[in-house]
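Hi,

Here is the structure I said I would pass on. Have a look at it first, and my notes are underneath.

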Amino acid sequence: MRTLWPRLRAAWVTLTGTGAAASAAFGLLVFAAALASLAIPREGVGLRTGALQRMIAASQPGDRTVTATAVMVSPVTNESIQVLATDIAAAGASLRSRLAAGGVPIASNPPAWSSLSTDDIQVTGAARAAGYGQPQFEMTYRTALARYSHIVAGRLPAGGPAGVVQVAVTTATAARFGLRAGTRLNAGPVPLVVTGIIQPVLPASAFWSADPAAATPVLTPATSAGPSFWTGALFIGPGALPLIEPSLNPVMNATWWYPVALGQLTAGQVGGLEAGLGSLASSGVTVGPPGSGVVATITSQIPSILSPFIAGESAVAPVLELLYVSLAVMGAVVVLLGARLVAQRRAAEFTLMRARGAALYQLGWLVLRASVVIAAAAGAAAAVLAIGLTPGDGDSVGWWLAGITIAVTLAGP
């Protein structure tokens with residue numbers, strides 16, 4: 001240890017010649033200039049990202065989603081299309097891929113889901129209060145029913161007797177219509193059996209709130225054509241779709257719902273996310289069986305959440321860029337002044353070397369060698385400290401400005 005420091009000192013003197021102290025001061029100037037060029041833009045990105053996250057946190061969780069909807073009717077024949085659960089799954093996978101390609105990060109909690117629902121259909125066998133019309137139900141298949149519900153009695157729909165559609169209802173629906181596990185119903189020619197009573201989980205989520213009758217029956221007011229009546233929802237399994245579609249020939253309404261993870265969104269990613277959502281919303285996604293030609297409409301409230309931030313970002317971006325460039329120019333000037341100081345300190349040394357026959361390229365190599373060492377050491381230290389002080393994604397302009405500082409360090413001396 002006693003000999004290490006003298007050896008390092010001797011190596012530094014050999015490298016910098018008579019300007020050892022000036023070279024050390026020059027290295028500190030390069031370090032400070034590179035640190036400012038890199039850290040200030042990164043800190044600016046961090047501040048903007050913080051403002052963005054506060055704006056996102058103030059929005060409604062239900063608005064941070066992407067929804068695709070389609071009416072499964074052929075655009076050519078204007079007739080309803082028979083859709084299977086596999087078609088819904090394939091369309092959902094295609095939509096998820098399109099979202100990922102557009103830079104839309106899909107969240108895992110709450111889980112994404114898709115559904116295929118009929119319009120209201122008259123069902124017999126359910127209790128009807130005096131003065132009300134025949135109850136009507138929509139029959140809906142939902143992929144994440146087990147994740148969004150808790151079984152109170154019985155079980156969820158599964159395989160059963162041939163030709164009999166198994167259904168589940170919420171506790172509110174069961175109470176309104178006098179249903180229990182084992183109750184028999186009829187939807188036209190299709191026999192139904194209630195296999196389970198469920199309690200909604202996450203009742204405020206879109207899974208239950210997107211359709212008012214999904215969790216709790218809804219009263220339809222009376223009209224001149226008939227008395228008021230109650231509507232509810234019957235949850236069916238994937239195997240029921242081939243049974244109800246040919247028999248009832250209903251118009252099927254498909255929905256795909258995806259939560260978007262905006263918690264890690266940075267200021268630099270906002271533009272790409274908005275552009276990706278805008279492209280999807282304008283073009284739509286083809287869904288349904290091959291050749292059906294059905295296109296899903298994509299909607300999202302995320303652009304409205306991000307638009308105030310984007311507007312503010314566009315307003316201040318020129319000012320920030322001018323500030324960053326001005327700081328870089330000032331840093332370059334300081335580095336040039338430091339290079340001049342080093343040159344003056346070594347002027348006598350270079351004069352003596354020239355008198356002894358040293359060529360200009362030899363002197364240039366000595367100066368460049370010292371500059372490379374100073375630039376590498378000061379630049380690496382500045383980068384490590386800047387990244388440590390300003391964690392997270394940075395602005396690429398900071399690296400460009402730091403690179404200009406290093407270039408001036410190499411060329412200035």
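Below is what turned up when I went through it, starting with one helix and ending with a few backbone oddities. Keep in mind that this is a predicted model.

**Helix 8**

Helix 8 covers residues 270-283, which makes 14 residues. From first C-alpha to last it reaches 20 Å, close to the 20 Å expected at 1.5 Å a residue.

Which of its residues are buried? Val270, Leu273, Gly276, Leu277 and Leu280 are. Looking down the axis of helix 8, these buried residues fall within an arc of 135°, so they line one face of the helix. Ala275 and Ser282, on the other side, are exposed. Just after helix 8 comes Gly284, with a positive phi near 75°.

**Thr255**

Thr255 sits in strand 11, residues 253-259. Is it buried or exposed? Its relative accessibility is 18%, and because the cut-off for buried is under 20%, Thr255 counts as buried. What does Thr255 touch, leaving aside residues up to four places away in sequence? Its contacts are Thr67, Ala68 and Thr69, plus Trp113, Ser114 and Ser115.

**Backbone oddities**

Some background for this part: most residues other than glycine have a negative phi, and most peptide bonds are trans. Three spots go the other way, and each lies in a loop.

- Asn109 and Pro110 are joined by a cis peptide bond, with omega at about 0°. If you want to find it on screen, Pro110 is in the loop between helix 3 (85-101) and strand 2 (113-117).
- Leu202 is not a glycine, yet its phi is positive, about 55°. Look for Leu202 in the loop that runs between strand 8 (190-200) and helix 5 (206-209). At 44% relative accessibility, Leu202 counts as partly exposed.
- Asn249 is another non-glycine with a positive phi, this time of about 50°. The loop holding Asn249 lies between helix 7 (241-248) and strand 11, the strand where Thr255 is found. Asn249 has a relative accessible area of 54%; the cut-off for exposed is over 50%, so Asn249 is exposed.

If you open the model with these notes alongside, I would begin with the two faces of helix 8, buried residues such as Leu273 and Leu277 on one and Ala275 and Ser282 on the other side, and then move on to the loops.

Cheers

Technical notes:
Residues numbered from 1 in each chain as written. Predicted model: local features only at pLDDT ≥ 70, side-chain atom pairs only at ≥ 80, totals over all residues. Heavy atoms only, no water. Helix = DSSP H or I, 4+ residues; strand = E, 2+ residues; numbered from the N terminus. Expected span 1.5 Å × (residues − 1). Buried < 20%, exposed > 50% of the residue type's maximum accessible area, 1.4 Å probe, protein only. Arc of directions from axis to C-beta. Contact = heavy atoms within 4.5 Å.
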